[in-house]
Amino acid sequence: MTFYKKLSPFYNLALLYLIVSFVLRIVLLFHPITQSSFTIYESVKIFLLGLVSDFFVFIAAASFLWLYLIFVSNSKYNKPYGYLILGGFISILIYIASGKSIFDEYGGALPKIVLIFVSIKTLLFALFLFVPKYRDKIRFWLFTFVIFLYVLLIFQNAISEFFFWNEFGVKYNFIAVNYLIYTNEVIGNIMQSYPVIPIFSALFIITAVVTYFIVRNSRKYIDEIPSVSEKIKISAVYCTLFVFALLAIPSLEKTENSKNIFVNELQSNGIYKFYLAFQNNKLDYFKFYKTISDKKAFALLRQQIPAISGQNTIQTVKNDSVEKRKNVVLITVESLSADFMKVYGNQKNITPFLDSLAQKSLLFTNVYAAGNRTVRGLEAVTLCLPPTAGESVVKREDNKNKFSTGYVFRKKGYNVKFMYGGDAFFDNMQDFYSGNGYQIIDKSSFAENEITFSNVWGVCDEDMYNKAIKVMSAEAKQNKPFFNHIMTVSNHRPFTYPNNKIDIPGNIKSRDGGVKYTDYALRQFFNEAKKQPWFSNTVFVIVADHCASSAGKTELPLEKYRIPALIYSSDIKPQKYTQLMSQIDIMPTLFGLLNFDYESKFFGQDVLKPNYQPRALIATYQDLGLIKDNVLTILSPKRQIKQFQLKLNVKAGISPEFQIYYDQIPLQSENTNLAEETISYYQAASYVLKKKEYQFKDLSLTAKNSKLYAKVR
């Protein structure tokens, strides 16, 4: 077998991918949505540079094929190596099946997936080892299956790219990434929108036929398995091309610089665009959503926030009373839905401390979370701006030097910290908070004797609170007020926590247990804090980051966004605030209670001011909503607007201010005023971020606080 033939699995699949990609470009070029004409130069650019990009993307994607083929051999089954390897597989299998492996810490389907994969590998290795006479046949069918998968993925990707273009007129972007998150809704939509059974039946038939021809022309690789020296040569060729691919792919992406967006999109490679969507998490509001003129957007926003002027949100906040220099502790509680609390109708008694604290606090009964991820909650209480399309600002590249609650506190002379029981690198929290002037305390700051329990997410809430008490007691001696933002972790899958703390064991991994332990740890924190001299001069703000679940029958199910929020201090009169409000209003309201005078850029408002107009902003990654006047307005990609009349679905035995369930009835005719007001919020927020109008000026703080973080670690 010549060296050329040894590469046959690679070049046959590469040829297929290039042909399919070429045909797809032609189809998309003449698609009705591609309303553009192209010059000869643009056409050459689309197909020539597109072809080169496709080739290098295939090289990168073929890494799994290379790993599979490079380990095809007979020598590993010789005695005693075969028995040793099989023993290793069995040991790993027993470890995973024990239910106490590292994969079990993640919960979900991961342990089962890993168990199935290792079981198959173990079984196949045993068959190859003990039944050598069937080794060639088994290897042939395995080889066929691998080729089949590659062929299937090539055709499946082409079909997906076509349907995505059919919907949005672009290659993959963040919406495609989002589709992986909301699989139930997406699959349901596909099933209802397209003739799925005929399409996939044809797909599998074509895949089987193409696989037959590729296997027939490539099977010499397994019939005459290359020697070690030959595999080294194959690896040298592949690895060289792989390195070139890593350099070439991003360079080719930079050539997508035409003023004609269709040229750039047609030239691009869909798979690489999908990867970039994962990395950049961007969804351009101005490209995909209904817009009005920027001037009109800010004019409408000014009706909601009268103090602003021009195309920005700069406003001067003045208070008549003397400023209160109190310490502030903001606790964002992981996945704390409103309906976990007794006042919202829960009868399980899983939040007894929060239920009691609510009676002693300024309790906001009608608050909606901005989104359904932790980063959205952190964004809401830190930046106090609407949840813009795509990923949260926390996870974006341009996430530093923003106008934030921490910035307001620093300007007032406060020490400012973000405390998290896990690794702050998760979800980009370290980069975001250190880049916005916060000093960070995370799991790496803990001494060994400060950790009594931890899981994959970090130390338990009790350990985090104990650490916080130590830090705040040290801060109190510095004669400066402190602002500390604590993010909890225990109320998160796998819901493990120390045993013998509550009446639900920590090792049964129940949601109710996670909530109740979180509540228990919060009680212990307050009990310990009350012993500290700084307690009486401290305001505590407790709010959920988001609800425990976001799935519902509608795009934005309101009950999945309703969260508890309260402010407690010895000098704040207990009361209920029942007006509709957003998570982004919590901190501006606190600043009002402290009588802060400051220059603000916040969209969030002090809800206790007489000019506040009740409304709430809620969103997924792509659906952007405004609740106002019992109407939910939703902005979606493709410039769609949907509106629903909200009819309260009353639950017996629950006070009116704690009712959370609504029927969403489509409006027969558009409420233009509310539609444009919704646009004004989201367009203005996208504008100030894009134009960098939401920055503060002290750019040295990024480097300074990175050093502080390193010091704390």
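In this predicted model, strands β16 and β17 make a hairpin in which three residues lie between the two strands. One residue of that turn, K638, has a positive phi of about 70°. The two strands of the hairpin run antiparallel and are joined by six bridges. Within this pairing, T633 stands opposite Q643 in β17.

On its other pairing, β16 is joined to β15 by five bridges, again with the strands running antiparallel. One of the pairs here is G625 with I634, the latter in β16. β15 and β16 also form a hairpin, with two residues between the strands. The turn of this hairpin contains D629, with a positive phi of about 55°.

How many residues of β16 are buried? The strand is mostly covered, with six of its six residues buried. In a regular strand, side chains alternate between the two faces of the sheet. In β16, V631, T633 and L635 are on one side, while L632, I634 and S636 are on the other. Both sets are buried, so both faces of the strand are covered.

These hairpins belong to an open sheet of five strands, in the order β14-β15-β16-β17-β18 and with antiparallel pairing. Why do β14 and β18 each have one side without a neighbour in the sheet? β14 (616-619) and β18 (662-666) stand at the edges and have a single partner strand each, so one side of each is left without a neighbour. Neighbouring strands of the sheet are turned by 25° against each other on average, when direction is ignored.

For the edge strand β14, pairing with β15 (residues 624-628) is antiparallel and runs over four bridges. L617 has L626 in β15 as its bridge partner. A helix also lies across this part of the sheet: α24 (residues 672-690) covers β14, β15, β16 (631-636) and β17 (640-648). Its direction is at about 125° to β15.

Elsewhere in the chain, helix α2 can be followed through its contacts with two other helices. Two packed helices are described by the angle between their axes and the distance between the axes. The axes of α2 (residues 8-29) and α7 (residues 135-168) come within 10 Å and cross at roughly 15°. That angle makes α2 roughly parallel to α7. The crossing of the two helices is right-handed. From α2, the residues in contact include L13, L16, Y17, V20 and L24. α7 meets them with residues that include F143, I147, Y150, I154, F155 and W165. By class, the contact of α2 with α7 has 17 nonpolar residues, no polar ones and one charged residue.

With α3 (residues 40-61), α2 packs at an angle of about 145°, and the axes are 10 Å apart. This crossing is also right-handed. L13 and Y17 of α2 take part in the contact with α3 as well as in the contact with α7. Other α2 residues that meet α3 include F10, A14, L18, S21, F22 and R25. On the α3 side, the residues include I46, F47, G50, L51, D54 and F58. The contact of α2 with α3 divides into 14 nonpolar, two polar and two charged residues.

Helix α18 (residues 374-383) is mostly covered, and 10 of its 10 residues are buried. Among them are the charged residues R376 and E379, along with V375, L378 and L383. C384 follows the helix and has a positive phi, near 55°.

Terms used:
Residues numbered from 1 in each chain as written. Predicted model: local features only at pLDDT ≥ 70, side-chain atom pairs only at ≥ 80, totals over all residues. Heavy atoms only, no water. Axes fitted to C-alpha atoms, helices over the stretch in contact; angles between N-to-C directions. Parallel < 35°, antiparallel > 145°, perpendicular 65-115°, else oblique. Left-handed = near helix turned anticlockwise from the far one by under 90°. Contact = heavy atoms within 4.5 Å. Pairing = 2+ DSSP bridges. Buried < 20%, exposed > 50% of the residue type's maximum accessible area, 1.4 Å probe, protein only.
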